[in-house]
Amino acid sequence: MKKVLSFVLAIALAISLCVCAVEATPLMDESIAPMRASDYFSSYSVSATGGVEGDVAITISIRAKKTMDSIGATKIVIQEKDGSRWQEAYTKAGTIYNGLLDSDARGFQGSYTYLGTSGKTYRAIVTLYVKDAFGSDSRTVTTNSIVAK
């Protein structure tokens with residue numbers, strides 16, 4: 001019995017000596033953007049839907065962790081699919097006056113409608129923004145693609 005126990009312990013020790021520690025390293029591929037926490041954004045979503053007669057509706061929802069001096073979308077880039085490539089069709093800057101930015105708010109709900117061409121495929125790249133007296137943060141979100149009706 002002692003020989004068997006000694007043999008098992010010897011094998012366990014030999015196996016443990018063969019295992020080496022491996023240090024985790026950060027990704028070197030810059031095309032993969034890591035998810036990161038935010039001191040400002042609590043949640044956000046952006047989506048594209050097709051309306052009537054070529055309309056492309058971009059819907060934006062942002063929830064901040066506290067009341068912000070400025071909250072909303074600073075830029076919406078509408079892209080149209082041309083074969084296998086996406087081409088910029090239109091860019092809209094967000095302001096308080098056009099309803100894409102709000103002030104002194106904790107949340108933001110907004111939308112923008114682009115008049116596209118029926119049968120074409122579209123998507124949007126939207127820059128979300130929050131700012132308070134201590135700093136700011138932004139996120140760039142690419143929507144789902146849709147075919148305009």
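The exercises below, each with a worked solution, concern a predicted model.

**Exercise 1.** Is Ala73 buried or exposed, and in which strand is its place?

*Solution.* Start with the location: Ala73 belongs to strand β2. Next, take its relative accessibility, which is 0%. The cut-off for buried is under 20%. Ala73 therefore counts as buried.

**Exercise 2.** Which residues does Ala73 touch, leaving out those up to four places away in sequence?

*Solution.* List the contacts in chain order: Ile60, Gly94, Leu100, Leu101, Val126, Thr127 and Leu128. Then take one of these, Leu128, and look from its side. Leu128 is in contact with Ala73, and also with residues including Phe41, Tyr44, Val46, Ile60 and Ile62. Asp137, Ser138, Arg139 and Val141 are among its other contacts.

**Exercise 3.** How many residues has the largest nonpolar core, and which strand supplies the largest share?

*Solution.* The core has 27 residues. Among those with the most contacts inside it are Ile58, Ile60, Val126 and Leu128. Now turn to the strands: β1 (41-50), β2 (55-82), β4 (101-115) and β5 (121-132) each give at least two residues to this core. The largest share is that of β2, with ten residues.

**Exercise 4.** In which sense do β2 and β3 pair, and over how many bridges?

*Solution.* The pairing of β2 with β3 (residues 85-93) is antiparallel and has eight bridges. For a single example, take Lys75: its bridge partner in β3 is Ala93. Finally, look at the turn of the hairpin. Two residues lie between the strands, and Gly83 has a positive phi near 70°.

Notes
Residues are numbered from 1 along each chain as its sequence is written. This is a predicted model: local features need pLDDT of at least 70, side-chain atom pairs count only at pLDDT 80 or more; totals for chains, interfaces and linings use all residues. Side-chain values use heavy atoms; hydrogens and water are left out. A nonpolar core is a set of buried Ala, Val, Leu, Ile, Met, Phe, Trp, Tyr and Cys residues joined through side-chain atoms within 4.5 Å. Buried means under 20% relative accessible area, exposed over 50%, partly exposed in between (1.4 Å probe, protein chains only). Helices (H or I, at least four residues) and strands (E, at least two) are DSSP runs, numbered from the N terminus. Contact means heavy atoms within 4.5 Å. Two strands pair if DSSP finds at least two bridges between them.
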